[in-house]
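Dear colleague,

I am passing on a structure to you, and below it you will find my notes on what turned up when I went through it. Please read them alongside the coordinates.

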Amino acid sequence: MDKLNKSIEIKGGVSKGDLTDVAIDFAVDALFHSIEQIIDVNKEMKEALIKAEYGINSAIKYIDQSIHAILIYKASY
């Protein structure tokens, strides 16, 4: 956009090349921004999966301990 603004100030108009430059700059910036967002989403997804796996493992451990305690209790009676 800076190139476009300078071109307007200097020449008093905009050429096809100026618009092409702006379009290319915009496309490249949008591409990099999209890639950054994909990387961020991927990172957040991995973190969420790790938390979910930890929660599932904790629940399984608790259930295993509970079953063991229930069996001991039933065996004592």
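**Surface patches and overall make-up**

A negative patch on the surface is formed by Glu36, Asp40, Glu44 and Glu47, and please keep in mind throughout that the model is a predicted one. Of these residues, Asp40 has its place in helix α2, and because its relative accessible area is 44%, which lies between the 20% and 50% cut-offs, Asp40 counts as partly exposed.

There is also a nonpolar patch on the surface, made up of Ile24, Val28, Leu31, Phe32, Ile35 and Ile39, which together have about 550 Å² of accessible area. Leu31, one of its members, is found in helix α2, the helix that runs over residues 16-76.

As for the chain in general, it contains two helices and zero strands, and 5% of its 77 residues count as buried. The area that the chain exposes comes to about 7100 Å², with 66% of that supplied by carbon and sulfur atoms.

With best regards

Conventions: Residues are numbered from 1 along each chain as its sequence is written. This is a predicted model: local features need pLDDT of at least 70, side-chain atom pairs count only at pLDDT 80 or more; totals for chains, interfaces and linings use all residues. Side-chain values use heavy atoms; hydrogens and water are left out. Helices (H or I, at least four residues) and strands (E, at least two) are DSSP runs, numbered from the N terminus. Buried means under 20% relative accessible area, exposed over 50%, partly exposed in between (1.4 Å probe, protein chains only). Accessible areas come from the Shrake-Rupley method with a 1.4 Å probe; for residues, only the protein chains shown count as cover. Patches are made of residues with over 30% relative accessible area and no salt bridge: like charges are joined within 9 Å, nonpolar side chains (Val, Leu, Ile, Met, Phe, Trp, Tyr) within 5 Å. A salt bridge is a side-chain nitrogen of Lys or Arg within 4 Å of a carboxyl oxygen of Asp or Glu. Lys and Arg count as positive and Asp and Glu as negative; His and the chain ends are not counted. The place of a charge is taken as NZ of Lys, CZ of Arg, CG of Asp or CD of Glu.
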